[in-house]
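Please look through the sequence and the model shown below, and then read the report that follows, which goes from the whole chain to single residues.

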Amino acid sequence: MERQTGAAAGRKAAAKAGMAVLFFGAIALAIAVFGADAAYPWIKALHVIAVISWMAGMLYMPRLFIYHGDCEPGSDQARTFSVMEERLLKVIMGPAMVVSWLLGLYIAWTVFGFQGGWLHAKLATVLALSGVHGFFAKSVRSFGRGEYVRDARFWRLMNEVPTLLMIVIVILVIVKPF
C-alpha cells in the first residue's frame, strides 16, 4: 500500500491541484473567447462547485483538529493529522476559496453591478467566512508545530461557525431579503 504522508504523495497532491487550476484557467479562457453571456451559466456552475469544495473543507477541518488534539504531540498519528490538515488547506480549501472569490466577484460585478443590500450583506458574510478560513490556516500551522492551542469543546463549537455563515449566505443569495 502506498504511503500518503511522504514527499512523493505531497507532490502528487500538488500536481492534482495544479491540474485543477489549469482547468479553471481553461474555463476562464473559454469565457473570454465565447463571451460572458454564453459563459454565465458555466461561471455560476463553477462558482457553486468551488463554494461546495470550500465548504466541505471548512466543515471537515475542525473535526480533524478534534481528533488531532487527542494525539500525543510528535507521535506518528499527530504527524498524519498534520499532513491531512495541511493538504486539506492547501490542495482543497485554499484554491476553492480563491476560485469562489474570483467568480463570485465577477458575478457581483457583471450581473449585479455590486448593487443591493443583500449582496453587500453576502459579501460581508463571505468576508467573515474567509476570516474563519484564515483562523483555520493559523491553527493548521500551530497543530503542525505540536501546539494544541484549543480544546475539543472549542473545535466542536468552531465546527458550527462555517455552517451558520453558510446558512446566512444561502438565504441572502436565494431569498434576497433586502
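Among contacts in the chain between residues at least 6 apart in sequence, 76% link residues that are at least 24 apart, where contact means heavy atoms within 4.5 Å. This is a predicted model, in which local features need pLDDT of at least 70 and side-chain atom pairs count only at pLDDT 80 or more, while totals for chains, interfaces and linings use all residues. Residues are numbered from 1 along each chain as its sequence is written, and side-chain values use heavy atoms, with hydrogens and water left out.

## The chain and its helices

The secondary structure comes to six helices and zero strands, where helices (H or I, at least four residues) and strands (E, at least two) are DSSP runs numbered from the N terminus. Taken along the principal axes, the C-alpha atoms of the chain fill a box of roughly 55 × 35 × 20 Å. Of the 178 residues of the chain, 34% count as buried; buried means under 20% relative accessible area, exposed means over 50%, and partly exposed lies in between (1.4 Å probe, protein chains only).

Two of the helices can be checked against an expected span, which is 1.5 Å times one less than the number of residues in the helix. Helix α2 covers residues 36-69, and its 34 residues should span 50 Å, which agrees with the 47 Å between its end C-alpha atoms. For α4, the 28 residues should span 40 Å, and the end C-alpha atoms are 41 Å apart, which agrees. Helix α2 also bends by about 25° at W42, the bend being the angle between axes fitted to the seven residues ending there and the seven starting there.

## The nonpolar cores

A nonpolar core is a set of buried Ala, Val, Leu, Ile, Met, Phe, Trp, Tyr and Cys residues joined through side-chain atoms within 4.5 Å. The largest such core has 26 residues, and those with the most contacts inside it are W54, M61, M93 and F136. Helices α2, α3 (76-110), α4 (117-144), α5 (152-158) and α6 (160-175) each supply at least two residues of this core. A second, separate core has nine residues, including I43, A50, V99 and L103.

What does M93 touch, if residues up to four places away in sequence are not counted? The list is W54, G57, M58, M61, L88, H133 and F136. M61, in helix α2, is buried, with a relative accessible area of 0%. Leaving aside its neighbours within four places in sequence, M61 is in contact with E85, L88, L89, M93, F136 and V140. M61 and S139 are 78 residues apart along the chain, yet their C-alpha atoms are separated by 9.8 Å.

V132 is found in helix α4 and counts as buried at 11% relative accessibility. Leaving aside neighbours within four places in sequence, V132 is in contact with M58, M158, V161, P162 and L165. One of these partners, V161, is 29 residues from V132 in sequence and 8.0 Å from it in space, C-alpha to C-alpha.

In the loop between α5 and α6 lies N159, which counts as buried at 14% relative accessibility. Not counting residues up to four places away in sequence, N159 touches L59, P62 and R63.

## The largest pocket

Rolling a probe the size of a water molecule over the atoms shows where empty space is left. The largest pocket has a volume of about 630 Å³. Of the 27 residues that line this pocket, the closest to its centre are H47, V51, K122, I169 and V173. Helices α2, α3, α4 and α6 each supply at least two residues of the lining, and α2 gives the most, with eight residues.

## Residues with positive phi

Most residues other than glycine have a negative phi, and most peptide bonds are trans. The table gives two residues other than glycine whose phi is positive.

| Residue | Phi | Place | Relative accessible area |
|---|---|---|---|
| F114 | near 55° | loop between α3 and α4 | 31%, partly exposed |
| K176 | near 45° | segment after α6 | 36%, partly exposed |

A glycine can be set beside them: G146, which follows α4, has a positive phi near 85°.

Definitions and conventions. On a 1 Å grid over the protein atoms alone, a cavity is a set of points where a 1.4 Å probe fits but cannot get out, and a pocket is an open set with protein on both sides within 12 Å along at least five of seven lines; lining residues have an atom within 4 Å of a point. Grid points are joined across faces, edges and corners, and a volume is the space filled by probe spheres set on the points.
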